[in-house]
Amino acid sequence: MTSRVPDTILLVDDDTNTLKGMRQFLSKPDREILTAERAKDALEILGTRSVDIMISDIRLPDMNGIQLMEEVQHHYPGIDVILMTGYGSIQDAVAAMQKGAESYLTKPLNPDELEIVLTRILQKRALIRQNKELLKRLSGQHVVPDILGTSREIREVLKAIREVAPSDVPVLVEGETGTGKELVARAIHRHSERSEGPFVVVNCAALHENLLESELFGHERGAFTGAVKQKKGRFELADGGTLFLDEIGEMSLETQAKILRTLEYGTFERLGGTQSLQADVRIISATNRDLKKKIEKGTFREDLFYRLNVITIKVPPLRERRGDIPVLARAFLERFSTIQKKAIEGFSEEAMRLLERYEWPGNVRELEHTVERAVILCRGGEITVEHLPAHIRELIDETQGEQAVVLPVGTSLKEAEKALILKTLESTGYHRGRTAEILRVSKRKIEYLLKAWGLEGLGRKPRKGV
Ligand SMILES: Nc1ncnc2c1ncn2[C@@H]1O[C@H](COP(=O)(O)OP(=O)(O)OP(=O)(O)O)[C@@H](O)[C@H]1O
Ligand SMILES: [Mg+2]
């Protein structure tokens with residue numbers, strides 16, 4: 001149970017000797033001990049440092065320890081507090097526990113007792129941390145889905161990912177919406193030496209101009225109205241990992257200039273700050289726009305374009321790699337039928353034919369949503385045409401256009417029905433199920449009518465012998 005970050009413990013007591021003594025017997029290699037003699041100093045430390053446990057005396061010169069604890073609980077809810085009371089002040093101890101102290105100790109301190117209490121809290125914190133990690137992994141937030149597909153196009157994308165991943169070169173991922181650009185960026189990170197580091201996303205389109213800059217570079221307290229606390233930017237947060245700049249085509253020229261400077265000099269400042277900061281970050285960016293056109297129009301900086309675009313990976317639209325449709329559709333079906341707890345075996349031939357024929361303007365994401373919807377609607381063991389949205393179902397008429405049924409005026413409804421059924425049977429190679437699907441009736445009905453017309457063996461090879 002080793003944590004990479006040392007546990008940070010803040011001791012607050014106005015008696016320097018107590019502080020000295022405690023620091024001495026609490027010091028361990030994986031612990032960092034901070035000290036404060038007043039509540040005010042403690043709060044100042046908490047504003048800049050991340051602390052795990054605060055151990056404070058109840059009697060402080062500028063504030064009561066319980067008040068200090070309440071401040072801490074309000075502003076830094078993750079910190080556990082241990083309060084120390086003078087010998088015999090049971091009332092203080094009771095009040096401390098009632099207000100949410102993790103534990104209390106009576107002075108004079110017994111070092112063993114202090115160590116036992118501290119260890120118990122640290123172990124509890126480690127457990128909570130592990131539990132959160134586990135939940136995160138289980139909920140799939142940490143799992144990068146595999147890039148699926150067997151087409152030549154997608155195999156080229158995979159090859160490019162493997163080639164660029166190990167180096168630190170900036171990569172620009174281009175492709176229409178929903179083609180899998182973010183998935184590609186995550187895969188590059190996962191296959192790089194930075195895979196243990198953070199993968200930080202900035203969506204340049206989703207954030208308003210000013211907000212985007214403070215998101216990217218962070219801000220100091222008081223940098224603008226509403227900046228009540230200092231905040232780290234995504235550049236800083238991505239230190240040691242990968243920064244994914246999504247939809248860079250939407251960035252203003254002003255922000256472009258700042259990013260360019262950061263990339264050129266490797267340094268940046270927080271908004272309202274003067275300190276020059278550094279972060280070791282690999283940049284992957286993505287766009288669904290034609291940046292060359294934006295450069296011509298003067299809305300995207302050419303110099304930034306060449307900085308970001310050392311290597312380009314183009315993710316082709318789904319309609320240009322239709323071979324991937326069945327693979328993706330089956331994978332999504334498996335995922336969603338597991339989630340929905342449904343036993344759906346697959347797609348009917350007709351449904352798959354439509355999926356393969358459709359244009360998919362929303363690419364893989366649209367296919368994913370289409371399959372999810374179909375799984376929700378499906379009550380049987382197979383996804384059929386009727387589970388697909390109307391605009392995809394319409395393609396049936398197109399595909400059947402070449403085999404029209406011509407009916408002269410004067411044809412009875414019964415005759416029209418028969419002609420239509422027979423023509424459809426012919427077009428499906430006398431497949432009863434598919435015919436029923438196209439005509440949106442039950443297979444039983446088709447079989448019943450064929451029998452009524454004395455055609456139950458239509459299209460079937462006569463059986464030899466019995
Ligand atoms: N090859 C693939 N294999 C499996 N899933 C894929 C594949 N491509 C895309 N997806 C899935 O499709 C969805 C869209 O992918 P992603 O968000 O990466 O697309 P995008 O190009 O970033 O889209 P946008 O431009 O809209 O941001 C995601 O749920 C992703 O997991
Ligand atoms: Mg995206």
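Okay, let's start in the middle, with strands E7 and E10: E10 covers residues 242-246, runs parallel to E7, and is joined to E7 by five bridges. To pick one pair you can find on the screen, valine 201 has phenylalanine 244 in E10 as its bridge partner. And before I go on, remember that this is a predicted model.

Now zoom out to the whole sheet. E7 and E10 belong to an open sheet of five strands, ordered E7-E10-E13-E6-E14, and the pairing is parallel. Which strands sit at the edges? Those are E7, residues 199-203, and E14, residues 311-314, each pairing on one side only. Going from one strand to the next, the twist averages 20°.

What packs on this sheet? Helix H7 does, and in doing so H7 touches E6 (171-174), E7, E10, E13 (282-287) and E14. The direction of H7 makes about 165° with that of E13. Keep H7 in mind, as we'll meet it again at the ligand.

A quick stop at helix H8, residues 209-217. Which of its residues are buried? Leu212, Ser214, Glu215, Leu216 and Phe217. So you have a glutamate and a serine on that list, along with two leucines and a phenylalanine. The cover over those buried residues includes our edge strand E7, plus strand E8 (218-219), helix H9 (234-237), helix H10 (253-265) and strand E11 (267-268). Right after H8 comes glycine 218, with a positive phi near 80°.

Okay, domains. The assignment gives four for the protein chain: domain 1 is 7-138, domain 2 is 152-316, domain 3 is 320-399 and domain 4 is 404-452. I'll stick with 2 and 3. Their centres, taken over C-alpha atoms, are 34 Å apart. How many residues are in contact between them? Eight from domain 2 with eight from domain 3. On the domain 2 side of that contact you get two nonpolar, four polar and two charged residues.

Last, ligand 1. There are 17 residues around it, and the closest are Leu148, Gly180, Lys181, Glu182 and Val364. Sorted by class, that shell has six nonpolar, seven polar and four charged residues. Domain 2 and domain 3 each contribute at least three residues to the shell. Here's H7 again: H7 (181-190) and helix H15 (363-377) each supply at least two of the shell residues. So, to tie it up, H7 packs on the sheet and also helps line the ligand shell. That's my tour.

Note on methods: Residues are numbered from 1 along each chain as its sequence is written. Chains are lettered from A and ligands numbered from 1 in the order in which they are written. This is a predicted model: local features need pLDDT of at least 70, side-chain atom pairs count only at pLDDT 80 or more; totals for chains, interfaces and linings use all residues. Domain bounds come from an automatic or database domain assignment. Two residues are in contact if their C-beta atoms, placed from the backbone, lie within 7 Å. Ala, Val, Leu, Ile, Met, Phe, Trp, Tyr, Cys and Pro count as nonpolar, Asp, Glu, Lys and Arg as charged, and the others, Gly among them, as polar. A residue is near a molecule or strand if its C-beta atom, placed from the backbone, lies within 6 Å of it. Helices (H or I, at least four residues) and strands (E, at least two) are DSSP runs, numbered from the N terminus. Two strands pair if DSSP finds at least two bridges between them. Axes are lines fitted to C-alpha atoms, for helices over the stretch in contact, and angles run from 0 to 180 degrees between N-to-C directions. A residue is buried if 20 or more other C-beta atoms lie within 10 Å of its own, exposed if 12 or fewer, and partly exposed in between; C-beta atoms are placed from the backbone.
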